[in-house]
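Here are a few exercises to try with the structure open beside you. Have a go at each one before reading its solution.

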Amino acid sequence: MKFPSLTKKSLLEALLRFAKENLWIIACLAITIAVCVALFWSVVVPSYQSPINRTYTSGFGYAKLKRQMGSPFEVATATVESRRIQKAILGEGFVSSQTVLVPVIPMDRILSVHVEEGQHIKKGDLLAVIDSRKADIKLKSAQLALRTAEAELERVLIGSAYVLAQERPEADQIEVDAVNRDLELLKSKEAIYAELVANGAFPKIKLLDLQRQIAEVEKRLKEGEFYLGMSTKGQEKSRTIARNAIEDAQNALTQRELELENYRIYAPIDGIVERVLIQPGEYNQDSGKPAFVLIADMWFEAHVDQSALTMIQEGNQARIHLEAYAGAPFKAHVSKIIPIVSYSLGGPETNRPIRPSGTGAPEWPATFKVRLAIDPTERRGIAPGLTGFARITSTRTTLAVPTPAILSRSSGSGYAYTIGEENHVTKLLISRGVTDNGWTEVVEGLQEGQTVIISGHETLQEGDAIEVVQ
């Protein structure tokens, strides 16, 4: 079989004729090739180079190719620095308060009650009045007793009291002085008699009689001196007794005045009247029994999970959300932390484990109490017993890194890549804390000022060369 010979001209004419006859086929083929090339460079190549591609770390992946070619991996970095980290800590609880019992002391009739249950009161407000007529009489008697004691002291000072007849040292001193003068005269007379008897001019019996008189006067002198000493000391003691009687009467008067104050009962604190236990006309038979139950110093007692025990500090700001005031949080701050962990969720003690969201395993709730002081300007309308939850803001300065710098975050730990010598990476195990606004606390494993990789490190291996790009 022989084929006709083709010249270049005839071959070109045949191709042109074929192209004209099959123009749409050629156009479709050209478009298909262009689209395939475009897809290859815009989809296949970027996907092949993407770290999230499953083939990226395979034996024929792009990472393997770059390591064989010695090409560096492009990464972005950040510096470990000290930052203020905030964490919102939630705790369920209820509004609690301090109960103050106001007693009624006098045993007498109740005249009037000036408050009712649920009423807001201020310190010093009048709560009730007790019949004080008997107390007024006792007060007047005490005043009279004081004046009597003062008058008795005056009588003691001037010595006019009959019972003080033996306690007058001035009269005893007069008696002693007179006896001394009598004794001096008798002594002089004795000397004269003795001289006359010696000369035989006077009978001796007269001298002996004189000496007997002298002995009696000397006895009277000793008795006078004894009574003088006794009356002097007794007078001072009597004055002391009289002064003590005045002080005792003054104390009795003060006691009556203080007792009279108890007949008007005033509020000892700012608060709310929870219960009124007395009524007008009743007779109080038990001194000191409670008359009013007041509620004061309300606070929100939140039960917070034990994991937050080291995060909360006194003074931390908080917001309280009560069921009765949905959408209207109350300002508060942490006033007291009770670091005792118990199995409680804010209500009665738990007697069975709970199942936390996201887990199927039972777990016992372990919480501790945090007392939140409610802003005084926002306490109006809040009642003890209201339930809700608190959002406590814990703020502290600590080492932190951008959150993407930590990989394999689980159970409080993770990995971070740092840049070593000659731009090669080192993988470090770190302990992490809370995350706030894109930054994560570093508890252990990194130091301030270190450079960590925050992007492009998903498939890095230790020793890989890198190129820092921002």
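**Exercise 1.** Is E301 buried or exposed?

*Solution.* Keep in mind that this is a predicted model. Start with the cut-off: a residue is called buried when its relative accessible area is under 20%. E301 comes out at 10%, so E301 is buried.

**Exercise 2.** Which residue forms a salt bridge with E301, and how far apart are the closest N and O atoms?

*Solution.* Look for a side-chain nitrogen of Lys or Arg within 4 Å of the carboxyl oxygen. K369 fits the bill, with the closest N and O atoms 3.7 Å apart. Next, place the two ends: E301 sits in strand β8 (residues 289-305) and K369 in strand β11 (residues 367-374), so this pair, 68 residues apart, links distant parts of the chain. Finally, check K369 itself: at 32% relative accessible area, K369 is partly exposed.

**Exercise 3.** Find the salt-bridge partner of R212 that lies three residues away in helix α6.

*Solution.* The partner is D209, whose side chain meets that of R212 at 2.8 Å, N to O. Both belong to helix α6, and their spacing is about one turn of the helix. Now the exposure: R212 has 42% relative accessibility and counts as partly exposed, and D209, at 34%, is partly exposed too. To finish, widen the view: D209 and R212 join E216 in a network of salt bridges.

**Exercise 4.** Which residues form a nonpolar surface patch with I33?

*Solution.* First locate I33, in helix α2 (residues 23-49). Then add L29 and V37: together the three have about 280 Å² of accessible area. I33 itself is partly exposed, at 48%.

Definitions and conventions: Residues numbered from 1 in each chain as written. Predicted model: local features only at pLDDT ≥ 70, side-chain atom pairs only at ≥ 80, totals over all residues. Heavy atoms only, no water. Patch = residues over 30% accessible without salt bridge, like charges linked within 9 Å, V, L, I, M, F, W, Y side chains within 5 Å. Areas by Shrake-Rupley, 256 points an atom, 1.4 Å probe, with all protein chains shown as cover. Helix = DSSP H or I, 4+ residues; strand = E, 2+ residues; numbered from the N terminus. Buried < 20%, exposed > 50% of the residue type's maximum accessible area, 1.4 Å probe, protein only.
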